[in-house]
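Visitor: Please take me through this model by way of questions, beginning with the vocabulary that the answers will need.

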Amino acid sequence: MCTSVKRLISLCIVLVNVLWVGSAENQTEKILVKANDKYTSRQYKEAYDEINKALKLNSTRDFIPVNVLILAEPIYFSYLEKIREDREYVALEDVEEKLFYYPQVESGRINDLIMGIVREHAGSQGVQVSYSGRQAANPFYERTLSRFVNQTQKQNKQGMFILGTLCVVVVLFLTFLFAVLLLCIHTLKQQQSRYGRVRGVLSGRTIYSGGKDTLGGVTDVYAMGKNLLPPPRELAVQCEKLGCKIDMITSRRNNSKNVSELVYKVAFQLGVPQEEAIIYFCAAMVYDAGFLDLSPDLLISKSLSGADWDEMKSHVEKAAKFLRFVPKEYKQIFIDAASKHHENMDGSGYPYGLTGDSIPLVARLIHVCESFVSIISVRNYHEIKDREKAIEELEAKKELYDSEIVLALREIL
């Protein structure tokens, strides 16, 4: 009896969460439509107010949906341009406050524009601005600056006490720590299980905080850094349209949407910078563009001959001509996503037989996320499975899938 009651309560809780999330997503979509209409009609103040409603509605979740962020950045930038043009400097304080609560919206061009407005206002007030950054010499920053200084002083006092304590502990613990590290390194080298790559995971997360030797060499390959601008909103719209065409011809309903959102979440979990994760999101909507160059009959066939299978695999080499709309600074990521998402960690994949970290990160992400979505979805070549069994199946195939990415996928589900 007690077990039945507990199960009933658990089911009720799950249903309430599902209904709440569904309601929030529906409200968000309605708000985004309003914000986009206002933005398109150049009513930037009204668009700014609407997009802030969407940001606030999703602020209690683990992350703000990527479609909200893609629309928020150009709206904030356009509203700041209007503030600059109309010299409504008081309105800048509200934008600053919102960016404090929603830092994901910030971009390089937004920060540059804010600094330009601050310098203009400082000049009109006869204030000399001799250093970069958002200036404390301007009257509409005084309240925020005072609050920040007080908080910083308090944190410094606490930090000094903690630092002193830590120094004592570190001195006493240093020998023991060194021995433990040697033991861990020796153990990790011998293990062949999924925990044998823990050091690689830790290394990958450290990289994204500023190192050069990135997970799979992403920063070196794409020459991306913290100054990368978010992709144009038009790029996301074009990718969405192309993704719908791919889903239609392959009879995989919402596949591009499901895979791209999962790629974004997993990339974010791994520590990939916000701007780069959004690029991956866009690329993951169109990674199967090569299917558009194949016969529709071949794509829905339940039985493939050897020749048919070879033709099917050729889709990875036929995507490039459908991606000509992609700006050149993002083109290589899109090409890697389309041409290398069937490469396996042990080199048994196609078309190049790449292994391990020589496979670009975006391709490894899509490989894992696409397979997961396929396993839990209705397909004509397998039965549907639940999420836990899908994760276990991916974990069991370390020769195919990047274990670090599978682990990150498990953590977000």
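Guide: A residue is called buried when its relative accessible area is under 20%, exposed when that area is over 50%, and partly exposed in between, using a 1.4 Å probe and protein chains only. The model is a predicted one, in which local features need pLDDT of at least 70 and side-chain atom pairs count only at pLDDT 80 or more, while totals for chains, interfaces and linings use all residues. Residues are numbered from 1 along each chain as its sequence is written, and side-chain values use heavy atoms, with hydrogens and water left out.

Visitor: How many helices and how many strands are there in the chain?

Guide: Both are DSSP runs numbered from the N terminus, a helix being H or I over at least four residues and a strand being E over at least two. By that reading the chain has 17 helices and zero strands.

Visitor: Of the contacts in the chain between residues at least 6 apart in sequence, what percentage join residues at least 24 apart?

Guide: A contact here means heavy atoms within 4.5 Å, and the chain has 413 residues, of which 40% count as buried. Among contacts between residues at least 6 apart in sequence, the share that joins residues at least 24 apart is 64%.

Visitor: How many aromatic pairs are counted?

Guide: Rings of Phe, Tyr and Trp (its six-membered ring) pair if their centres lie within 6.5 Å, with planes under 30 degrees apart counted as stacked, over 60 as edge-to-face and the rest as tilted. Under this rule, the number of aromatic pairs is seven.

Visitor: Why is the pair of Tyr-48 and Tyr-76 classed as it is, and what is that class?

Guide: Tyr-48 belongs to helix α2 (residues 44–57) and Tyr-76 to helix α3 (residues 66–86), so their pairing ties together parts that are 28 residues apart in sequence. Both Tyr-48 and Tyr-76 are buried, and they form one aromatic cluster with Tyr-79. Because the ring centres are 5.1 Å apart and the planes stand at 65 degrees, the pair of Tyr-48 and Tyr-76 is edge-to-face.

Visitor: Are Phe-100 and Tyr-101 buried or exposed?

Guide: These two residues form an edge-to-face aromatic pair, with 5.4 Å from centre to centre and 80 degrees between the planes. Phe-100 has a relative accessibility of 64% and is therefore exposed. Tyr-101, with a relative accessible area of 54%, is likewise exposed.

Visitor: Over which ring does the charged end of Arg-109 sit?

Guide: A charge is said to sit over a ring if NZ of Lys or CZ of Arg is within 6 Å of the ring centre and within 35 degrees of the ring normal. The charged end of Lys-313 does so over the ring of Tyr-350, 5.2 Å from its centre. For Arg-109, whose charged end is 4.1 Å from the ring centre, the ring is that of Phe-77.

Visitor: Which residue of helix α3 is joined by a salt bridge to Glu-120 in helix α5?

Guide: A salt bridge is a side-chain nitrogen of Lys or Arg within 4 Å of a carboxyl oxygen of Asp or Glu, and the whole structure holds 17 of them. In this one, the closest N and O atoms are 2.7 Å apart, and the pair links distant parts of the chain, 36 residues apart, with Glu-120 in helix α5 (residues 108–124). Glu-120 is partly exposed at 30% relative accessible area, and its partner, partly exposed at 32%, is Arg-84.

Visitor: Which residue joins Arg-252 and Asp-288 in one network of salt bridges?

Guide: Arg-252 and Asp-288 form a salt bridge in which the closest N and O atoms are 2.9 Å apart. Arg-252 is buried at 12% relative accessibility, and Asp-288 is buried at 1%. Salt bridges with shared partners join these two residues into one network with Glu-370.

Visitor: What is the relative accessibility of Asp-336?

Guide: Asp-336 meets Lys-340 in a salt bridge of 3.1 Å, N to O, and because the two are four residues apart in helix α14 (residues 328–340), about one helical turn separates them. Lys-340 is buried, with a relative accessible area of 18%. Asp-336 also counts as buried, its relative accessibility being 2%.
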